[in-house]
Amino acid sequence: MNKLSRLGIKQLRIMAALLKDGNLSQVADQMGLTQQAISANLATLREVFGDPLFVRTGRGVLPTALALEMGSEINAILAALERLVERGPFDPMEVRATVNISASDYAHAVAVAPRLRAIRDQAPHLKLILSEAEVDTLPARMGSGEIDLAVNIPANVPASFERRVLFQEHYVCVAAAASPLAGKRLSLKALAQQQHVVVSPARANLVGSADGWLQQLGLERNIILSVPHFLLMPQVLEATGAVAFLPSRLLPHPGLARVRLDGDVVPPGFELIAAWHPRAASSPLASWLVGMLAR
């Protein structure tokens with residue numbers, strides 16, 4: 001039988017107590033055990049370590065050289081086990097960890113970056129890695145622990161993951177600030193006839209979030225360009241003269257201007273969530289960090 005499998009916390013506590021007090025009956029009283037139980041556990045310890053460990057004298061027991069040598073290690077193990085089961089309240093000031101947050105440039109810009117000062121003030125030893133959103137690999141990377149938090153839309157996160165809504169967002173129609181369309185009001189039909197740019201941060205394609213909404217209204221737009229990042233949009237719209245739907249929190253921007261739509265209609269918006277793997281459901285660090293992002 002493996003020696004380690006025969007060694008339990010009770011035996012280590014008995015040995016630590018005997019090293020401290022040197023008296024079997026006293027240790028038995030302290031631990032609520034009989035002297036026979038103490039002797040039986042001591043016999044197991046002697047077999048495991050191949051040493052008498054304690055030698056009887058007229059005034060109790062004396063530890064052997066090996067028992068004295070192991071004393072500090074046993075106390076350290078018991079102290080570590082006690083910390084494991086009796087954790088104090090979470091204190092971000094004491095956190096020394098690295099957290100990887102996966103998000104699009106938009107989510108990093110509006111949900112993560114504005115919170116960085118407060119996070120750094122409260123958790124000065126916490127290190128953050130801000131990585132790009134990769135929807136297809138996200139479940140595997142979060143499962144392996146490579147990604148700790150994902151800030152994304154619900155559709156891009158597995159339903160089994162823990163989540164918290166950070167905020168609700170809506171879209172606005174924009175053109176370049178120098179465009180003839182800047183500040184104009186368009187009908188939906190006129191809007192559909194414009195050239196459009198879409199952002200595809202998850203998968204590169206010529207598909208945008210407003211397509212389904214326009215199709216339900218019997219309209220189809222002309223998408224001429226897809227870009228991977230929201231923050232490219234001002235330059236791209238200036239170069240193409242096109243229009244685009246952008247999340248409202250990216251405005252105001254000196255290079256962009258609103259294009260109003262008849263009836264002030266807008267395509268359906270979205271929720272931005274913070275999500276984490278089920279294995280981190282009880283993590284006080286994950287809970288605290290999500291709370292900071294949700295403020």
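**Figure 1. Strand β5 pairs with β14 in a predicted model.** Strand β5 covers residues 149-152. Strands β5 and β14 run antiparallel and are joined by 3 bridges. Within this pairing, Val151 of β5 stands opposite Ala274 in β14. Strands of a sheet pair through backbone hydrogen bonds, either parallel or antiparallel.

**Figure 2. An open sheet of 5 strands has mixed pairing.** The strand order is β4-β3-β5-β14-β6. Strands β4 (127-132) and β6 (162-169) are the edges, and each pairs on one side only. From one strand to the next, the twist averages 20°.

**Figure 3. Helices α5 and α11 meet the strands of this sheet.** Helix α5 is formed by residues 105-112 and packs on the sheet. Helix α5 touches β3 (98-103), β4, β5, β6 and β14. The direction of α5 makes about 120° with that of β3. Helix α11, residues 284-294, lies across β3, β4, β5, β6 and β14. Helix α11 runs at about 5° to β6.

**Figure 4. Helix α3 lines one face with its buried residues.** Helix α3 spans residues 35-49, 15 residues in total. From first C-alpha to last, α3 reaches 21 Å, close to the 21 Å expected at 1.5 Å a residue. Its buried residues are Ile38, Asn41, Leu42, Thr44, Leu45 and Val48. Seen down the axis of α3, these residues fall within an arc of 155°, so they line one face of the helix. An α-helix has 3.6 residues a turn, so residues three or four places apart point the same way. What covers the buried residues of α3? The cover includes helices α1 (9-21) and α2 (24-31), together with strand β1 (54-57).

**Figure 5. The stretch after α3 holds positive phi values at Gly50 and Leu53.** Gly50 follows α3, and its phi is near 60°. Leu53 sits in the loop between α3 and β1. Its phi is near 65°, a positive value in a residue other than glycine. Is Leu53 buried or exposed? Leu53 counts as buried because its relative accessibility is 0%, and the cut-off for buried is under 20%.

**Figure 6. Pro252 follows a cis peptide bond.** The bond runs from Leu251 to Pro252, with omega near 0°. Where is Pro252 found? Pro252 belongs to the loop between β11 (243-247) and β12 (256-258).

**Figure 7. Asp264 has a positive phi without being a glycine.** The phi of Asp264 is about 50°. The residue is found in the loop between β13 (260-261) and β14 (270-276). Strand β14 also takes part in the open sheet, where its place in the order is between β5 and β6.

**Figure 8. The close-ups belong to a protein of 295 residues.** The protein has 11 helices and 14 strands. Its C-alpha trace spans about 105 × 40 × 30 Å along the principal axes. The radius of gyration is 32 Å, whereas a compact globule of 295 residues would have one near 19 Å. Buried residues make up 42% of the protein. Among contacts with a separation of 6 or more, 74% come from residues 24 or more positions apart.

Notes: Residues are numbered from 1 along each chain as its sequence is written. This is a predicted model: local features need pLDDT of at least 70, side-chain atom pairs count only at pLDDT 80 or more; totals for chains, interfaces and linings use all residues. Side-chain values use heavy atoms; hydrogens and water are left out. Helices (H or I, at least four residues) and strands (E, at least two) are DSSP runs, numbered from the N terminus. The expected span of a helix is 1.5 Å times one less than its number of residues. Buried means under 20% relative accessible area, exposed over 50%, partly exposed in between (1.4 Å probe, protein chains only). The arc is that of the directions from the helix axis to the C-beta atoms. Contact means heavy atoms within 4.5 Å. Two strands pair if DSSP finds at least two bridges between them. Axes are lines fitted to C-alpha atoms, for helices over the stretch in contact, and angles run from 0 to 180 degrees between N-to-C directions. The radius of gyration is taken over C-alpha atoms; the globule rule is 2.2 Å times the number of residues to the power 0.38.
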